[in-house]
Amino acid sequence: MNKEKMEEIYRENAQAIYKYLCGLTQDREMAGELTQETFFQAVRGIDKFRGDCKISVWLCGIAKKLWYKELEKRRRHKTIPLDETIPANESVENQSLDNLEKVEVFRLMHNLDDITREVMYLRLAGDLHFSEIAHILGKTENWARVTYYRGKQKIVKGMKEWREI
């Protein structure tokens with residue numbers, strides 16, 4: 001593939017890949033670095049692109065693999081910040097309850113099927129519009145809306161059951 005075609009692919013997809021990675025990483029700087037690495041890997045491996053999906057889907061696959069590599073690297077070199085403190089206006093009990101609820105929401109999201117979980121992360125963490133999610137995943141906007149709604153309903157139901165326990 002020639003240089004002009006790769007530049008066009010970058011112009012058309014860089015913003016979507018960056019937003020996708022922002023949703024996964026929750027860190028704009030890391031998302032920027034991974035976006036650049038994604039396109040570097042794409043240039044190196046463009047001959048492996050079979051064309052059986054949209055280029056944006058292929059790029060998101062590369063981005064996700066790079067993020068998983070980064071998570072693995074972080075897991076191996078985990079450090080705990082010493083400056084974490086509890087704000088004075090919040091009680092330890094309230095913060096603990098909030099954390100338990102967050103953990104339960106993430107547990108419920110983790111139990112969703114892969115594609116629904118990815119749509120949920122892109123929408124909630126990445127703050128992407130349904131049209132952007134559809135573009136990234138190679139689906140329709142309506143599909144993205146329905147998938148998100150169904151995932152949200154499962155999480156709401158799970159949270160209701162969890163609170164009753």
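Here is a short chat about how some labels in this predicted model are reached.

Me: Why are helix α5 and helix α6 called oblique to each other?
Reply: Look at the angle: the axes of α5 (residues 114-124) and α6 (residues 130-137) cross at roughly 135 degrees and come within 10 Å. Angles of 65 to 115 degrees would count as roughly perpendicular and those over 145 as roughly antiparallel, with the rest called oblique. The crossing angle of roughly 135 degrees fits neither of those ranges, so α5 and α6 are oblique.

Me: And what is the handedness of the crossing of α5 and α6?
Reply: The crossing is right-handed.

Me: Which residues in α5 and α6 meet?
Reply: From α5 come Ile115, Glu118, Val119, Leu122 and Arg123, and they meet Phe130, Ile133 and Leu137 of α6. Sorted by class, this contact has six nonpolar and two charged residues, and no polar ones.

Me: What makes glutamate 118 count as buried?
Reply: Glutamate 118, which lies in helix α5, has a relative accessible area of 13%. Buried means under 20%, so glutamate 118 is buried. Leaving aside neighbours within four places in sequence, glutamate 118 is in contact with Tyr20, Lys64 and Leu137.

Me: How do you know whether threonine 35 is buried or exposed?
Reply: The same cut-off of under 20% applies. Threonine 35 has 4% relative accessibility, so threonine 35 is buried. You will find threonine 35 in helix α2 (residues 28-44). With neighbours within four places in sequence left aside, the contacts of threonine 35 are Ala14, Ile17, Tyr18 and Leu21.

Me: How many aromatic pairs are there?
Reply: The count comes to three aromatic pairs. One of them joins tyrosine 10 and phenylalanine 39.

Me: Why is the pair of tyrosine 10 and phenylalanine 39 called edge-to-face?
Reply: Two values settle this one. The ring centres are 4.7 Å apart, and rings pair if their centres lie within 6.5 Å. The planes stand at 75 degrees, and over 60 counts as edge-to-face, so this pair earns that label.

Me: What does this pair tie together?
Reply: Tyrosine 10 lies in helix α1 (residues 3-25) and phenylalanine 39 in helix α2, so the pair ties together parts 29 residues apart in sequence.

Me: Why does tyrosine 10 count as partly exposed?
Reply: Tyrosine 10 has 32% relative accessibility. Buried would need under 20% and exposed over 50%, so tyrosine 10 counts as partly exposed. Its partner phenylalanine 39 has a relative accessible area of 6%, so phenylalanine 39 is buried.

How values were computed: Residues numbered from 1 in each chain as written. Predicted model: local features only at pLDDT ≥ 70, side-chain atom pairs only at ≥ 80, totals over all residues. Heavy atoms only, no water. Axes fitted to C-alpha atoms, helices over the stretch in contact; angles between N-to-C directions. Helix = DSSP H or I, 4+ residues; strand = E, 2+ residues; numbered from the N terminus. Parallel < 35°, antiparallel > 145°, perpendicular 65-115°, else oblique. Left-handed = near helix turned anticlockwise from the far one by under 90°. Contact = heavy atoms within 4.5 Å. Nonpolar A, V, L, I, M, F, W, Y, C, P; charged D, E, K, R; others polar. Buried < 20%, exposed > 50% of the residue type's maximum accessible area, 1.4 Å probe, protein only. Phe/Tyr/Trp six-rings, centres within 6.5 Å; stacked < 30°, edge-to-face > 60°.
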